[in-house]
Amino acid sequence: MKPIAHIHTDFGSKFGVPRQSGIVGKLEGRIVMEPEYREREAFRGLDQFSHIWLIWHFSEIQNTKWSPTVRPPKLGGNRRVGVFATRSPFRPNNIGLSSVKLQRIEYDTVDGPVLWVEGADLMDNTPIFDIKPYLPFTDSHPDARGGFTEEVLQTEKKLEITNSEVLHGMIPNDKVEVLIEVLKNDPRPQYHSDKDRIYGIDFCGKDINFRVEGNQLTIIVVSSD
């Protein structure tokens, strides 16, 4: 397989990217097709769908020997489950699958048709292998079971941001609310609890540093990369 497109997002590195698509609904992504796929006809009818599937490549994961079990961060990093019972990037084939909202398609650009999506869980410049429409009559299963993720959701609480005002003026105003939602969802691995440890997210070309004590997240410094 070869990429048909690349997505451009505000995340310059994988740390901080939401663990699943749709968790932060206002996160925007811009999908730019490779030159040979910039045919307007290839997108005829796609704008009639509200959501699409993206099949993509975990391009930052180095090819290593695969393991039949992994330690999901949301389970504290000390409990193993089968790799096929998770969405871990460490798989026999480093392929990701995301359901995102199709915001609009811009046809008259220098890059050909460009797709704008919301709720993406991909870092900047991630290769896209395919795009398919989301079909609610068959892709949605409201009574489906969520396995071990259900026990996590029952105990999971969002963080409180103590000084979000420092973000204003440092990143574009329309991105502040989005970043706050990313931070509230706690991008740290579940097993990290060191209150003195400083974490950093590469977002909108800025290095967003923070630490967490209890349920309180404090932004330490915002600087240019």
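V17 is buried, because its relative accessible area is 16%, and buried here means under 20%, exposed over 50% and partly exposed in between, with a 1.4 Å probe and protein chains only. The residue is found in the loop between β1 (5-8) and β2. Helices (H or I, at least four residues) and strands (E, at least two) are DSSP runs, numbered from the N terminus. Leaving aside neighbours within four places in sequence, V17 is in contact with F11, D121, L122 and M123, where contact means heavy atoms within 4.5 Å. By comparison, the C-alpha atoms of V17 and I105, 88 residues apart along the chain, are separated by 24 Å.

The model is a predicted one, in which local features need pLDDT of at least 70 and side-chain atom pairs count only at pLDDT 80 or more, while totals for chains, interfaces and linings use all residues. Residues are numbered from 1 along each chain as its sequence is written, and side-chain values use heavy atoms, with hydrogens and water left out.

The protein chain as a whole contains three helices and twelve strands. Its radius of gyration is 18 Å, close to the 17 Å that the globule rule gives for 225 residues, so the chain is as compact as a globular protein of that length. The radius is taken over C-alpha atoms, and the globule rule is 2.2 Å times the number of residues to the power 0.38. Along its principal axes, the C-alpha trace spans about 55 × 45 × 35 Å. Of the 225 residues, 40% are buried. Among contacts between residues at least 6 apart in sequence, 68% join residues at least 24 apart.

Strand β7 (residues 114-118) offers a clear case of a covered element: five of its five residues are buried. V114, W116 and E118 point one way from β7, whereas L115 and V117 point the other way. Two strands are said to pair if DSSP finds at least two bridges between them. Strand β2 (residues 28-33) runs antiparallel to β7 and is joined to it by five bridges; within this pairing, G29 stands opposite V117. Strand β6 (residues 95-106) is likewise antiparallel to β7 and joined to it by five bridges. There, V117 in β7 is the bridge partner of L102.

Beyond β7, attention turns to the loop that leads to β8 (126-133), where N125 is placed. The phi angle of N125 is near 70°, a positive value in a residue other than glycine. N125 counts as partly exposed, because its relative accessibility is 42%.

A second positive phi appears later in the chain. C204 lies in the loop between β10 (199-203) and β11 (206-213). The hairpin of these strands has two residues between them, and in it C204 takes a positive phi near 55°. At 22% relative accessibility, C204 counts as partly exposed. The strand before this loop, β10, is mostly covered, with four of its five residues buried. β10 and β11 pair in the antiparallel sense over five bridges, and in β11 the bridge partner of I201 is I208.
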